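Me: I would like to learn how to read burial, cores and surface patches in a model like the one below. Could you take me through them one at a time?

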Amino acid sequence: LIARIVPNFSRLNVPQYKWVILSFLAFFAVIVVGVIGNLVPMRYVVWGGRNTFRFFVYFFACAMFLNRKNIERVMTMLLGVQLLNIILAIYQFFVLGRWSDDLGGVFGLGNTTGTCTLCLLLVTYYFIKFMNKEASIVKFVFAMATTMVISALAEQKALYLLLAAALIMAVVLTGFSFRKFIAIVLCLVAFVVGMNILRQIASESLEILTDVDQLLEYSQTT
């Protein structure tokens, strides 16, 4: 991808990418200063660079080479992945006895990061698509309902918080419409249902999400 990105970087020479590129350069500069200032061993630099910058390689490649139709096809396929995700999550929980960080759905046992990212992406995407009359309510409800079940089975408190933040941003940054009202109501219902499932599985986790002091303490945990 790097070999394809470098000769095609001029494709990003459009106003909407200016701040993205500047943010990336600032991020890179801070890392360089940190590496030099702390005399970080080269083996750590290489390993950390691999883990950190492969995301940016993929991100810029998507921005350069994918068009709107490509993205819509990818997201539709990811809905199919989510169907398998919920099936495997339920199997892992009820048959294998896995839950919390050991339950990863389609990403395997012990990989909640992957399944949480997928859930967050699908809900946010189809929430906005539904509000813009570009996706059916069925897709949005499916994404939201499966996410609530998975987040409860995997006891992912962070996913509840990230979803709330993403959906609030989506509401604030878009104009009002009847579809937005419907979407907000559906989200509130889904959160209530999700919280009730979480109460049955891990009541202590629900207490953390509903208690300000415990929530603040949890947010500072490494």
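Me: How many of the residues count as buried?

Reply: Buried means under 20% relative accessible area, exposed means over 50%, and partly exposed lies in between, with a 1.4 Å probe and protein chains only; by that measure, 31% of the 222 residues of the protein count as buried. This is a predicted model, in which local features need pLDDT of at least 70 and side-chain atom pairs count only at pLDDT 80 or more, while totals for chains, interfaces and linings use all residues. Residues are numbered from 1 along each chain as its sequence is written, and side-chain values use heavy atoms, with hydrogens and water left out.

Me: Which elements does the protein contain?

Reply: Helices (H or I, at least four residues) and strands (E, at least two) are DSSP runs numbered from the N terminus, and here there are 10 helices and 0 strands. The C-alpha trace spans about 50 × 45 × 35 Å along its principal axes.

Me: Which residues of the largest nonpolar core touch the most other members?

Reply: In soluble globular proteins, nonpolar side chains tend to be buried together. A nonpolar core is a set of buried Ala, Val, Leu, Ile, Met, Phe, Trp, Tyr and Cys residues joined through side-chain atoms within 4.5 Å. The largest one here has 35 residues, of which Tyr-126, Phe-127, Phe-140 and Met-144 touch the most other members. Helices α4, α5 (112-131), α6 (137-153), α7 (157-172) and α8 (178-201) each supply at least two residues of this core, and the largest share, 10 residues, comes from α5. A second, separate core of 9 residues includes Leu-12, Phe-53, Phe-60 and Met-64.

Me: Where does Asn-8 lie, and is Asn-8 buried or exposed?

Reply: Asn-8 lies in the loop between α1 (2-5) and α2 (15-37), and its relative accessible area is 14%, so Asn-8 counts as buried. Contact means heavy atoms within 4.5 Å; leaving aside neighbours within four places in sequence, Asn-8 is in contact with Met-64 and Phe-65.

Me: What should I look for on the surface?

Reply: Accessible areas come from the Shrake-Rupley method with a 1.4 Å probe, and for residues only the protein chains shown count as cover. The accessible surface of the protein comes to about 13,700 Å², of which 69% belongs to carbon and sulfur atoms.

Me: How does Ile-90 count in terms of relative accessibility?

Reply: Ile-90, found in helix α4 (residues 68-94), has 36% relative accessibility and therefore counts as partly exposed.
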